[in-house]
Structures are given as structure tokens and as C-alpha cells.
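Hello,

Here is the structure I promised to pass on to you. Have a look at it first, and then read on for what I found in it.

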Amino acid sequence: MNQQNIRIFMAVVENGSIAEAARVLHYTHPRVSESIRQLESELGVQLLLRGRGIRKVGLTPEGQRFIPVAMQWTAADRQIKRYIQDEQEPAFRLNGWGDMIEYMFPDIVQGMRREIPNLQVRLLNGAKKTVVEMMDRQAFDAAIWPGNPFEHAQAVWIPFFDEERCILCPVDTPLPDRPILPAELDGRYEIRYSWIATTDPVEPSPWRREYFPDRVTPRIRVEAMMAIHSYMDDRNCWSIVPERIARWSMERRPGRLTIRRLDPAPPMQKSWILTSKSQLGTPVFQCFLRYCDAYLDETPYLHKTLVL
């Protein structure tokens with residue numbers, strides 16, 4: 001069976017029309033239509049509903065049943081191609097976010113390349129909103145996930161580290177130099193990191209609701225945690241962030257920012273290594289785990305939960 005025809009069929013399903021699939025794939029409309037006809041001929045069934053005046057394609061019952069088969073076929077094709085590629089030259093695709101790529105991944109990747117000199121590494125800066133979709137496409141070999149695990153048939157979750165949340169603020173802050181009570185924080189000056197993802201609720205976390213029951217509107221909301229330090233233009237500003245972000249921010253603005261602890265301390269921020277069942281036992285992934293472990297040994301403020 002022609003894998004290209006299956007790929008075109010899935011593009012039609014995902015995009016809702018032959019015309020849109022042709023645009024996305026950079027094919028002509030007749031080329032896409034002919035591929036669908038060839039696939040239907042091979043299967044001996046009609047997959048798509050067609051009719052005069054119908055702009056969006058529909059699926060026949062046979063087409064609906066064929067979708068999971070097509071997805072399995074496509075996944076198997078990707079695995080075969082990756083196997084062939086890995087046999088030729090080892091490769092590793094690591095997904096993370098801006099601060100991780102800048103300050104965490106270099107030590108891990110350099111260690112891996114010392115052990116496997118011909119290792120080809122691709123660093124992906126995938127938004128948390130797209131990780132589920134990337135998992136479906138097997139678009140990475142491992143990812144660092146700072147958040148709650150989500151359900152996925154192929155997902156394997158490995159505890160990586162826990163870290164404290166602390167207050168990042170200017171060095172001339174009026175906050176006293178001791179653990180800070182939530183009631184001492186003026187919500188009008190908060191620089192709040194907030195993002196909406198398919199795997200996390202929009203509502204504030206339970207600890208935040210407990211700390212700030214009045215829900216005062218913050219000074220600024222940002223979706224890029226790495227940008228928080230750039231908006232601390234007032235000595236009264238503050239932000240509650242994971243400690244790695246606070247330390248990273250202090251390095252970006254040396255001598256201008258500092259840390260205060262919270263009393264009571266909020267729950268630890270947990271981070272995980274996300275991979276797939278097919279990657280778990282590979283030599284390259286095991287090498288990756290060893291250098292993740294070594295990185296944590298050199299970073300004492302991250303509380304290691306990784307067990308090799």
C-alpha cells in the first residue's frame with residue numbers, strides 16, 4: 001500500500017477539504033484527488049463523501065474506521081525511517097523551553113556528545129500547548145515537562161526534579177529580608193506568569209487561591225517566564241517563580257534582582273522527563289538519562305527525583 005496516499009488521506013481529514021490539504025502539502029487539487037481514488041481502489045471501499053456543492057469532505061463509516069489504521073501505519077513508517085537513520089548515525093531530538101535550552105541543555109548535550117561523538121542532536125523549542133500533538137507525531141525523543149503529566153497511549157513519565165517556588169524582586173524591594181507572608185505582598189505589583197495549555201486548568205492552582213483569595217489583578221501578565229525580569233521596573237514589583245527561573249533572571253540582570261522565600265512555602269514545582277515507550281530502552285536515551293542525573297548532582301537547589 002502506498003504510504004504517500006495514506007499521508008495525503010490523513011492531510012485531507014485533518015484539514016477538512018481536498019483543496020486545503022492540497023494547499024498545505026503544496027500539491028495540485030487533481031493530485032490529491034487521484035491519491036484518494038488510488039487508496040480507495042486498493043482498499044475496495046469509499047473513504048470520503050463527495051457531492052456537488054460540498055466544500056468540506058465527510059467520512060464514510062469505512063473512512064472513520066480506517067483513520068486509526070492509517071495513524072498506526074504512519075507511525076510505523078516513521079519508526080522504520082528513524083531506525084534506518086539511527087543505524088546510519090545516532091540522533092536525538094530533545095524538546096524543552098527557552099530557559100532550559102539556554103542554561104540546562106548545554107551541559108547535558110555536551111556530556112552526551114563526549115560519550116557518543118557522532119551523535120546528532122536537535123533541540124526543539126516546543127510550546128507546552130503543542131506537546132500532545134508532537135507526541136502524536138513522534139516529533140521528539142524526550143522532553144522536559146514542568147507541569148502535571150497528561151494521559152497518552154505512548155507516554156512514559158520519569159520524575160526528574162522538584163524545585164521551590166520563591167519570590168523574585170528588585171534588590172531595593174521594600175519587602176523585609178526574611179520569609180514573606182502572602183498578606184505582605186501587594187497584588188497590584190505582581191508580574192504574573194500565566195499560560196493556558198490543553199493539559200492545565202485556566203483557574204489558579206489551589207495554593208494560589210489560598211494565598212490570594214481576593215484575586216487582585218496583577219500589574220502585568222506574561223506567557224514567557226523568561227521575560228519576567230524585563231518588566232521589574234519598579235522596586236515594589238515581585239513575581240512568584242520556580243527557583244531556577246529566579247536564578248536565571250538574576251544572572252540576566254546581575255546586582256539588580258534578589259530572592260525572598262515564602263511562608264508558608266507553596267508546593268514544590270515538579271518537572272518530568274517525557275518520552276515514548278519505543279525510546280525508553282535505546283542506548284541514546286539511556287545516555288541522556290545519565291547526563292540528566294549528572295546535571296542534577298551539580299545543581300543542588302534542584303531536588304533530584306530521578307532514579308536510574
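Three strands form an open sheet in this predicted model, and their order is β10-β7-β11, with antiparallel pairing. The edges are β10 (239-242) and β11 (257-260), each of which pairs on one side only. From one strand to the next, the twist averages 45°. If sheets are new to you, their strands pair through backbone hydrogen bonds, either parallel or antiparallel.

To find your way into the sheet, start from β7 (residues 165-170), which runs antiparallel to β10 and is joined to β10 by four bridges. A handy landmark here is C166, which stands opposite V241 in β10. Helix α8 (residues 243-252) packs on this sheet and touches β7, β10 and β11. The direction of α8 makes about 110° with that of β10.

Which residues of α8 are buried? They are E243, R244, I245, A246, W248 and S249. The cover over these buried residues includes the three strands β7, β10 and β11, along with α5 (98-115) and β6 (155-163).

Another buried residue to look at is S271, in strand β12 (residues 269-276). S271 has a relative accessibility of 1%, and therefore counts as buried, the cut-off being under 20%. What does S271 touch, leaving aside its neighbours within four places in sequence? Its contacts are W145, P146, P159, F160, F161 and E163.

Now for a pair of helices elsewhere in the chain. Two packed helices are described by the angle between their axes and the distance between the axes. For α2 (residues 18-25) and α3 (residues 29-43), the axes come within 8 Å and cross at roughly 110°. Angles of 65 to 115 degrees count as roughly perpendicular, so that is how α2 and α3 lie to each other. Their crossing is right-handed.

Where do these two helices meet? On the α2 side you will find I18, A19 and A22, and on the α3 side H29, V32 and S33. Of the residues in this contact, four are nonpolar and two are polar, with no charged ones. When you look along α2 or α3, it may help to remember that an α-helix has 3.6 residues a turn, so residues three or four places apart point the same way.

Enjoy exploring the model, and do write back with any questions.

Best wishes

Terms used: Residues are numbered from 1 along each chain as its sequence is written. This is a predicted model: local features need pLDDT of at least 70, side-chain atom pairs count only at pLDDT 80 or more; totals for chains, interfaces and linings use all residues. Side-chain values use heavy atoms; hydrogens and water are left out. Axes are lines fitted to C-alpha atoms, for helices over the stretch in contact, and angles run from 0 to 180 degrees between N-to-C directions. Angles under 35 degrees count as roughly parallel, over 145 as roughly antiparallel, 65 to 115 as roughly perpendicular and the rest as oblique. A crossing is left-handed if the near helix is turned anticlockwise from the far one by less than a right angle, and right-handed if clockwise. Contact means heavy atoms within 4.5 Å. Ala, Val, Leu, Ile, Met, Phe, Trp, Tyr, Cys and Pro count as nonpolar, Asp, Glu, Lys and Arg as charged, and the others, Gly among them, as polar. Two strands pair if DSSP finds at least two bridges between them. Buried means under 20% relative accessible area, exposed over 50%, partly exposed in between (1.4 Å probe, protein chains only).
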